[in-house]
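The following exercises concern a single protein chain. Each task is followed by a solution that proceeds step by step.

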Amino acid sequence: LDTSIKVNARINNSQTRATDNNWDPGDLIGIYMLKSGSNLTASNLLHQNEKYTTDGSRNFAPASDAVDIKFPDNGAKVDFISYYPYKNNIGSNLKYPVNLSSQDDQSAINFLFSDNAKGLSRTDNEVGLRFTPQLTKILINLTGKPGVPLKDVRLTLRGVNIKGDFSFADKKFTNVTKGNVR
């Protein structure tokens, strides 16, 4: 009996994802599996920060250097949390560092989180993850006078939150630093 998890992930609220609501080939997520109904602490984790990837569909599989997560053989129920984009340096404090000071690579700062997959066991067909953006994407459309091209335009957002740590357990940002975004 194959008890490997089968992951199907979708993104809620497409306006805030840098590349809309679709996964790109090679996107990586981190998955945690813990005892069902337990607090999110290192001692309750059965799998921690396992790297899964997609071909661009909603289906994710273990990355080549990752562990194939399996449901417990005894039929015990488990919960899953997951996040995007994957980082290998998530510590035992279970906090995801966010730094928005550079806006050059939008997909690298497009933080998504999922904690909806609960009470699952080896009899379930798949782990359906629903990712929700944890940041807000601001779109600004500039238009010039007809026939006059816009050039050398610069925009700075001042005094906004640019750094912080997202707690997987509390689902809140801490250690927030304000700054300017260009």
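A residue is called buried under 20% relative accessible area, exposed over 50%, and partly exposed in between, using a 1.4 Å probe and protein chains only. The model is predicted, so local features need pLDDT of at least 70 and side-chain atom pairs count only at pLDDT 80 or more, while totals for chains, interfaces and linings use all residues. Residues are numbered from 1 along each chain as its sequence is written, and side-chain values use heavy atoms, with hydrogens and water left out.

**Exercise 1. Overall description**

Determine the secondary structure content, the extent and the burial of the protein.

Step 1. Helices (H or I, at least four residues) and strands (E, at least two) are DSSP runs, numbered from the N terminus. On this basis the protein has zero helices and ten strands.

Step 2. Along the principal axes, the C-alpha atoms fill a box of roughly 70 × 35 × 25 Å.

Step 3. Of the 182 residues, 36% are buried. The protein exposes about 10,600 Å², of which carbon and sulfur atoms supply 45%; accessible areas come from the Shrake-Rupley method with a 1.4 Å probe, and for residues only the protein chains shown count as cover.

Step 4. A contact means heavy atoms within 4.5 Å. Among contacts with a separation of 6 or more, 62% are between residues 24 or more positions apart.

**Exercise 2. Strand 2 and the residue before it**

Which strands pair with strand 2, and in what sense?

Step 1. Two strands pair if DSSP finds at least two bridges between them. Strand 2 is antiparallel to strand 3 (residues 45-54), with six bridges, and Leu28 has Thr53 as its bridge partner there.

Step 2. Strand 5 (residues 78-84) also runs antiparallel to strand 2, again joined by six bridges; in this pairing Gly30 stands opposite Tyr83.

Step 3. Because six of its eight residues are buried, strand 2 is largely enclosed by the rest of the structure.

Step 4. Asp27 lies in the loop between strand 1 (7-11) and strand 2 (28-35). Its relative accessible area is 9%, so Asp27 is buried.

Step 5. A polar contact is a pair of N or O atoms within 3.5 Å; within protein, one must be able to donate a hydrogen and the other to accept it, and residues adjacent in sequence count only if both atoms are side-chain atoms. The side chain of Asp27 reaches the backbone nitrogen of Asp24 at 2.8 Å and the side chain of Tyr84 at 3.3 Å.

**Exercise 3. Phe113 and Asp165**

Is Phe113 buried or exposed? Describe the setting of Asp165 as well.

Step 1. Phe113 belongs to strand 7 (residues 112-114). It counts as buried because its relative accessibility is 4%.

Step 2. Leaving out residues up to four places away in sequence, Phe113 touches several residues, including Tyr83, Phe131, Phe166 and Phe168.

Step 3. Asp165 is in strand 9. With a relative accessible area of 22%, Asp165 is partly exposed.

Step 4. Beyond four places in sequence, the contacts of Asp165 include Lys95, Tyr96, Pro97 and Asn175. The side chains of Asp165 and Asn175 are joined by a polar contact of 3.0 Å.

**Exercise 4. An exposed isoleucine**

Where is Ile138 found, and how is its accessibility classified?

Step 1. Ile138 occupies the loop between strand 8 (127-133) and strand 9 (157-167).

Step 2. Its relative accessibility is 55%, so Ile138 counts as exposed.
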